Amino acid sequence: LTTLNPNLDKTTTATSWAIGLNYTITPNDVLGLSYSQLNANTNSSVYASFIRATSPYAVTNVRDRTRALSMDYTHSLSKRTSVYLGMTFQRTRTRADSQFYNALHVTSGAWEVPSYTSSRSNSYNIGLKHSF
């Protein structure tokens with residue numbers, strides 16, 4: 001059977017949360033700290049032909065976890081003007097694995113060896129804020 005048009009079914013679910021606090025050092029100086037996490041799961045099924053019931057297919061599960069730690073400092077120059085400095089450190093880890101099935105929907109063996117990737121990014125900002 002020749003593949004004419006592969007079909008893709010994809011489902012993504014995500015949950016996230018964050019926590020933060022500000023500490024007033026002096027009436028003009030505020031230090032902030034926050035932590036956040038995002039978990040995303042994507043399940044994909046690829047069917048090799050038009051007829052789902054008799055076609056071979058693969059199921060892929062991808063799990064992403066992103067964590068971020070942010071710190072910022074704000075100094076008020078006046079009632080309406082302030083300067084700020086901030087930095088964020090972020091790391092994302094991804095795990096992906098897949099399972100293959102034959103035309104009778106029987107698994108072709110254990111899950112493939114999962115693959116892992118990791119990435120990091122840092123961002124910095126500085127600015128002047130004035131409210132009108």
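# Strands, rings and a pocket: a friendly Q&A

Biologist: Let's begin with one tyrosine: does Y73 count as buried, exposed or partly exposed?

Modeller: This is a predicted model, and Y73 is found in strand 3. Buried would need under 20% relative accessible area and exposed over 50%. Y73 has a relative accessibility of 31%, so this residue counts as partly exposed.

Biologist: Thanks! Y73 belongs to a nonpolar patch on the surface, so to speak of the whole: what is the accessible area of its residues together?

Modeller: The patch brings together L21, Y23, I25, L31, L33, L69, M71, Y73, L85, F89, Y124 and I126. Strands 1, 2, 3, 4 and 5 each supply at least two of its residues. Taken together, the patch residues have an accessible area of about 1200 Å².

Biologist: Let's step back to the overall layout. What pattern does the protein follow along the sequence?

Modeller: The protein has 0 helices and 5 strands. Strand 1 covers 7-26, strand 2 covers 29-47, strand 3 covers 57-76, strand 4 covers 81-101 and strand 5 covers 115-130. Read along the sequence, the pattern is β-β-β-β-β.

Biologist: And what share of the residues is buried?

Modeller: A residue is buried when its relative accessible area is under 20%. T92, in strand 4, is an example, because its relative accessible area is 17%. Among the 132 residues in the protein, the buried share is 20%.

Biologist: I like aromatic contacts. How are the rings of W17 and Y35 arranged: stacked, edge-to-face or tilted?

Modeller: The structure holds 2 aromatic pairs. For W17 and Y35, the ring centres are 5.5 Å apart and the planes meet at 50°. Planes under 30 degrees apart would count as stacked and over 60 as edge-to-face, so the W17 and Y35 pair is tilted.

Biologist: How many residues apart along the chain are W17 and Y35?

Modeller: W17 is in strand 1 and Y35 is in strand 2. The pair therefore links distant parts of the chain, with a separation in residues of 18.

Biologist: What is the relative accessible area of Y35?

Modeller: W17 counts as partly exposed, because its relative accessibility is 43%. Y35 is partly exposed as well, with a relative accessible area of 27%.

Biologist: Now F89 and Y124: what kind of aromatic pair do they form?

Modeller: The ring centres of F89 and Y124 are 6.4 Å apart, and their planes are at 85°. Planes over 60 degrees apart count as edge-to-face, so the F89 and Y124 pair is edge-to-face.

Biologist: Which strand holds Y124?

Modeller: This pair, too, links distant parts of the chain, with F89 and Y124 35 residues apart. F89 is in strand 4, while Y124 is in strand 5.

Biologist: Is Y124 exposed or buried?

Modeller: Its partner F89, at 31% relative accessible area, is partly exposed. Y124 has a relative accessible area of 57%, and the cut-off for exposed is over 50%. Y124 is therefore exposed.

Biologist: Let's turn to the largest pocket. Which strand gives the most to its lining?

Modeller: The largest pocket has a volume of about 210 Å³. Its lining is made of N39, N41, R63, D64, R65, R67, R91, R93 and R95. Strand 2, strand 3 and strand 4 each supply at least two of these residues. With 4 residues, the one that gives the most is strand 3.

Biologist: How far apart are the C-alpha atoms of I19 and L69?

Modeller: I19 sits in strand 1 and is exposed, because its relative accessible area is 56%. I19 and L69 are 50 residues apart along the chain, and their C-alpha atoms are separated by 10.0 Å.

Biologist: And what separates the C-alpha atoms of T92 and S118?

Modeller: T92 lies in strand 4. T92 and S118 are 26 residues apart along the chain. In space, their C-alpha atoms are separated by 5.6 Å.

Biologist: One last distance, please: how far apart in space are T11 and S45, C-alpha to C-alpha?

Modeller: T11 lies in strand 1, and a relative accessibility of 47% means that T11 counts as partly exposed. T11 and S45 are 34 residues apart in sequence. Their C-alpha to C-alpha distance is 9.1 Å.

Note on methods. Residues numbered from 1 in each chain as written. Predicted model: local features only at pLDDT ≥ 70, side-chain atom pairs only at ≥ 80, totals over all residues. Heavy atoms only, no water. Patch = residues over 30% accessible without salt bridge, like charges linked within 9 Å, V, L, I, M, F, W, Y side chains within 5 Å. Areas by Shrake-Rupley, 256 points an atom, 1.4 Å probe, with all protein chains shown as cover. Salt bridge = Lys/Arg side-chain N within 4 Å of Asp/Glu carboxyl O. Buried < 20%, exposed > 50% of the residue type's maximum accessible area, 1.4 Å probe, protein only. Phe/Tyr/Trp six-rings, centres within 6.5 Å; stacked < 30°, edge-to-face > 60°. 1 Å grid on protein atoms, 1.4 Å probe; cavity = no way out; pocket = protein on both sides within 12 Å on 5 of 7 lines; lining within 4 Å. Points joined across faces, edges and corners; volume = space filled by probe spheres on them.
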